[in-house]
Amino acid sequence: MRHESVMSVVVAAAGVKFDTQVPLIIVGAGAAGLCAALAAKEAGIEAVVVERDDVPAGSTALSAGLIPAADTRFQRKKGITDSPAVFAADIQRKAKDEADPAIVDVVTARAGSLIEWLAEHYGFPFEVVDNFNYPGHSAMRMHGVPSRTGRELIDRLRHAAETSDIVILAKSTAQCLFADSECRIRGVEIARRDGSRERIGCEAMILACNGFGGNPELVHRHIPEMAEALYFGHPGNQGDAIVWGDALGAQLSDLGAYQGHGAVATPHNILITWATIMQGGVQVNSEGRRFCDETRGYSEQATEVLRQPGGFAWTVFDARIADVARQFDDFQKAESIGAILAAGSIESLASVMRVPATSFVTEWNDVVTLKSSSGQDRYGRKFSADQACKPPFHAVKVTGALFHTQGGLAIDSKGRVKRKDGRSFPNLFAAGGAAAGVSGSTAAGYLSGNGLLTATVLGRLTGETAAEQILHSRGGSLPSGSTPAFSQGAGSSAG
Ligand SMILES: Cc1cc2nc3c(=O)[nH]c(=O)nc-3n(C[C@H](O)[C@H](O)[C@H](O)COP(=O)(O)OP(=O)(O)OC[C@H]3O[C@@H](n4cnc5c(N)ncnc54)[C@H](O)[C@@H]3O)c2cc1C
């Protein structure tokens, strides 16, 4: 696999000639890049989105597409009380107060209006997930599209971008950034799939090309505990933002932080929703024994599962819980291909799982007792009577995986990339997985939804700020040109 050597930065690029000049370049057409492009367009600035794939997808397409937001009309309709302050406190509690408060405040304050914006302006049919809650959230605040898939989310964003006449340069990889001696970004060189190269000049740039989960060398360097783990995110996310940022003297933060997951069905490689746990399911290892409090969070559970004999575990639940899990397309897929085992009793389930019945049945009976007495187990997990399970029972074999990295370019509260000396770059912005997240320095700091929260909210924010800055530098005048022209032959639109 390529990589870091291909990505480069040319500083003091005063004499560089560009083939085309555009107001704003956005690198990456995931949730962050497309939200940024839509916001810039609404503010009167044309963005060109450079995307290495044929069609926008990214990790966004692989996700469950759930965006957390507080105090939305979707919550109010269901009688859910919530506020940005409560949401911010939840993020910091999970991140052990390590997240930058300025970024936490801005994303929690703006998440509600992000949801309303996508719903009102672009017709996103959001619903709040209200039949289970994710660990660490003190209110039901996950907003999703009906299929509960990131594929639907990104397809809707792409449709919005296309109907807004936003240019998405597909099959085009940004490789070299050009900056002047003041660290002002002048443009980018892109490599097209057909072998051609083009230099595009810009007035501002937004890096929305996610983190480095797809780059084994960088994962090995910064997250050694996951170096051998399954990477379940988008392979095109190879850390370009941090490679460029490093070369430009940007501040890089929390590179050891990531979103892991402790329930990817193996060997099928399908995400099993954490609803299975939050509704009362448990995990046992190949010896039929539980090994931790599964409800602390699915992210830190990745290494817990990988530490078990054989690097796997079983998630065990019942038919009631399976019903809740079926709202996710992925769970239905897992069922349809036979990944979810079933049995009429715990003893016969032990037999199909091939785990020692004695230890498994003892563990299970302990949990049954704890549920009926609303007790707490040896790991600190609290159970309640409404989590009781009854036959038929289900089990799915799962492993731990790396979903996406949470460290990246440090940004200020407007999304501007910070330099090592604390000042911000004049016209370089970062959003989503390219920027340092709000999860602190470890996997355990990841609160469910932090990924799409910072992708969508910071995407929109950076689009607005970059547009405002471009207009300001032009003395407030709207751009004269229309959508920049790019040759169709080179793959000008993702459509
Ligand atoms: C299985 C899974 C489930 C998840 N579920 C959730 C969830 O329910 N809720 C949640 O909040 N988060 C979830 N996440 C995390 C979430 O998907 C990410 O945080 C989010 O999608 C990041 O968005 P992004 O726009 O920054 O990156 P992406 O969506 O990954 O987009 C980045 C794009 O940049 C492109 N790119 C990269 N480098 C270049 C380059 N040099 N030139 C051109 N293009 C480039 C890539 O091809 C890609 O299309 C999940 C992640 C996974 C893997």
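**Exercise 1. How many of the 9 residues of helix H8 (residues 240-248) are buried?**

Before solving, note that the model is predicted, that local features need pLDDT of at least 70 while side-chain atom pairs count only at pLDDT 80 or more, and that totals for chains, interfaces and linings use all residues. Residues are numbered from 1 along each chain as its sequence is written, and side-chain values use heavy atoms, with hydrogens and water left out.

Solution. Step one is to fix the terms: helices (H or I, at least four residues) and strands (E, at least two) are DSSP runs numbered from the N terminus, and buried means under 20% relative accessible area, exposed over 50%, and partly exposed in between, with a 1.4 Å probe and protein chains only. Step two is the count, which gives 7 buried residues of the 9 in H8, a helix that is mostly covered. Step three names them as Asp240, Ala241, Ile242, Val243, Trp244, Gly245 and Leu248. Finally, glycine 249 follows H8 and has a positive phi, near 85°.

**Exercise 2. Describe the surroundings of threonine 399.**

Solution. Begin with the location, which is strand E18 (residues 393-405). Threonine 399 counts as buried because its relative accessible area is 11%. Next, collect its contacts (heavy atoms within 4.5 Å); leaving aside neighbours within four places in sequence, threonine 399 touches His261, Gly262, Ala263, Val264, Thr266, Val305, Leu306 and Gly311. With glycine 311, the backbone oxygen lies 2.9 Å from a polar atom of the threonine 399 side chain.

**Exercise 3. Set out the environments of arginine 73 and arginine 416, one after the other.**

Solution. A polar contact is a pair of N or O atoms within 3.5 Å; within protein, one must be able to donate a hydrogen and the other to accept it, and residues adjacent in sequence count only if both atoms are side-chain atoms. Arginine 73 lies in helix H3 (residues 73-77) and is partly exposed, because its relative accessibility is 34%. Leaving aside neighbours within four places in sequence, arginine 73 is in contact with Glu116, Ala119 and Glu120, and a polar contact of 2.9 Å links its side chain to that of glutamate 120.

Arginine 416 belongs to strand E20 (residues 416-418) and, at 23% relative accessibility, is also counted as partly exposed. Beyond its neighbours within four places in sequence, its contacts include Phe425, Phe429, Thr465 and Gln469, and the side chains of arginine 416 and glutamine 469 are joined by a polar contact of 3.2 Å. Arginine 416 and alanine 430 are 14 residues apart in sequence, with their C-alpha atoms 6.5 Å apart in space.

**Exercise 4. Which residues come nearest to the ligand, and which atoms of alanine 31, alanine 64 and histidine 404 lie by it?**

Solution. Of the 41 residues around the ligand (a heavy atom within 4 Å), those that come nearest are Glu51, Thr60, Asn210, Asp240 and Leu452. For the atom pairs, a backbone N or O atom of alanine 31 is 3.2 Å from a ligand oxygen, whereas a backbone N or O atom of alanine 64 is 3.3 Å from a ligand nitrogen. Histidine 404 instead places a side-chain N or O atom 3.2 Å from a ligand oxygen. Asp240, among the nearest residues, is also one of the buried residues of H8.
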